[in-house]
Amino acid sequence: MKVSVTVITYNQENFIRQTLDSVLMQEVNFNYEIVIGEDFSTDNTRKILLDYQDKYPGKIRLLLAEKNQGLVQNFIHTYRACKGEYVATLDGDDFWTSPLKLQKQVDFLDIHGDFSMCFHPVTMVFEDHSKPSRIYPEIHDETYSLEDLLQANFLPTCSVMFRNGIFGEFPDWYHSFTFMEDWALYALIAQHGKIGFLNDVMGVYRFHSNSTWSSLDEVTRCQEELKFYDHMKQHLERKYRPIIEVMLERHYYKLASLYEDNNDRDNAKTYIYKSVYISPFLSQVKFINKIKAIFRLHFPVLYRFIKALKILSNRVLEN
């Protein structure tokens, strides 16, 4: 088996047909399978998948959970069932737009043995029409590394293909994730080779209110990203420590600001001090901004008084 396509789905009856049809339309010169992790949906997703399995019994393998496992465990279970040399990932609410997507990525990885995975840009579509569609990511370099990936997750799930089994078993800490399984997965893979970029838009990422990540508030997102960096700090070689600590500093500062905006001064103080101590010599946040935040959190009344005086003095000078 050359390629296993993993499809992770839960309560996606409105999208799953288009997802599967976009896989089934692929034009390839190799064998591929579609391995679907269905996480005990409460809508008609399971029924739709059973119909597809009946129609394509030699192509689709359906893994039916007996109870809801959650996103991360569902992915682990599905990935472990993959038999292909390469694995392509696809969420049950996204879809591919090019019938040559799998062929192009296989050709790339077959030729470039020093690459652990490859990806391509996708069209990000906002289902509520709150924003116009756009291409993501808007990048143009042909090659990326683990160092790049540690600074941001720029890999859309529906665009990635990687070498199966390249990182061995999942480390214990991977199971602790609730939402960040994709970024952590890519980091595990990127330890073993470069990341290739194919500059063809070949998929659609749907952004909607029921999306796992988009439905989270900013504090939760930031906490999940911090968990990612904490695990990376323990897991990766020391040469990656400076990048990780800079990113931790940035997220500590951001989380302190979010807590301050929510009038949670205790947590805001905790994270502003963490941002000071984590990376004092590689800081990406101006030290004066941290000092202002500390002063503001400890002496809010005095801070507002000084700020009001400054505004008043500026007005006097203007007159």
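The sheet in this predicted model is an open one with eight strands, ordered S3-S2-S1-S4-S10-S6-S11-S9, and its pairing is mixed. At the edges sit strand S3 (60–64) and strand S9 (143–144), each of which pairs on one side only. As a quick reminder, strands of a sheet pair through backbone hydrogen bonds, either parallel or antiparallel.

Both kinds of pairing turn up around strand S4. Here is how its two partners compare:

| Strand pair | Bridges | Direction | One bridged pair |
|---|---|---|---|
| S1 and S4 | six | parallel | Ile8 with Asp91 in S4 |
| S4 (residues 86–91) and S10 (residues 161–163) | three | antiparallel | Ala88 with Met161 in S10 |

So how covered is S4? Mostly: five of its six residues are buried.

**Helices on the sheet**

Helix H2 (residues 45–55) packs on the sheet, where it touches strand S1 (3–9), strand S2 (32–38) and S3. Its direction makes about 150° with that of S3. Then there's helix H3 (residues 71–80), lying across S1, S2, S3, S4 and S10 and running at about 155° to S1.

For a residue to click on in H2, try Arg46, which is found in that helix. Which residues does Arg46 touch, not counting residues up to four places away in sequence? The list is Glu38, Phe40, Leu64 and Ala65. You can also check Arg46 against Leu62: they are 16 residues apart in sequence, and their C-alpha atoms are 9.4 Å apart in space.

**The nonpolar cores**

The largest nonpolar core holds 61 residues. Which of them touch the most other members? Those are Met117, Leu149, Leu155, Phe170, Tyr174, Leu185 and Phe228. Helix H8 (residues 241–261) supplies the largest share of this core, with nine residues.

Leu155 is a handy place to start looking around in there. Setting aside neighbours within four places in sequence, Leu155 is in contact with Met117, Phe119, Leu149, Val160, Tyr186 and Ile195. Two of these contacts, Met117 and Leu149, are also on the list of residues that touch the most other core members.

Apart from this core lies another one, made up of 29 residues. Among them are Ile48, Tyr52, Val122 and Cys158.

Conventions:
Residues numbered from 1 in each chain as written. Predicted model: local features only at pLDDT ≥ 70, side-chain atom pairs only at ≥ 80, totals over all residues. Heavy atoms only, no water. Pairing = 2+ DSSP bridges. Helix = DSSP H or I, 4+ residues; strand = E, 2+ residues; numbered from the N terminus. Contact = heavy atoms within 4.5 Å. Axes fitted to C-alpha atoms, helices over the stretch in contact; angles between N-to-C directions. Core = buried A, V, L, I, M, F, W, Y, C linked by side-chain atoms within 4.5 Å. Buried < 20%, exposed > 50% of the residue type's maximum accessible area, 1.4 Å probe, protein only.
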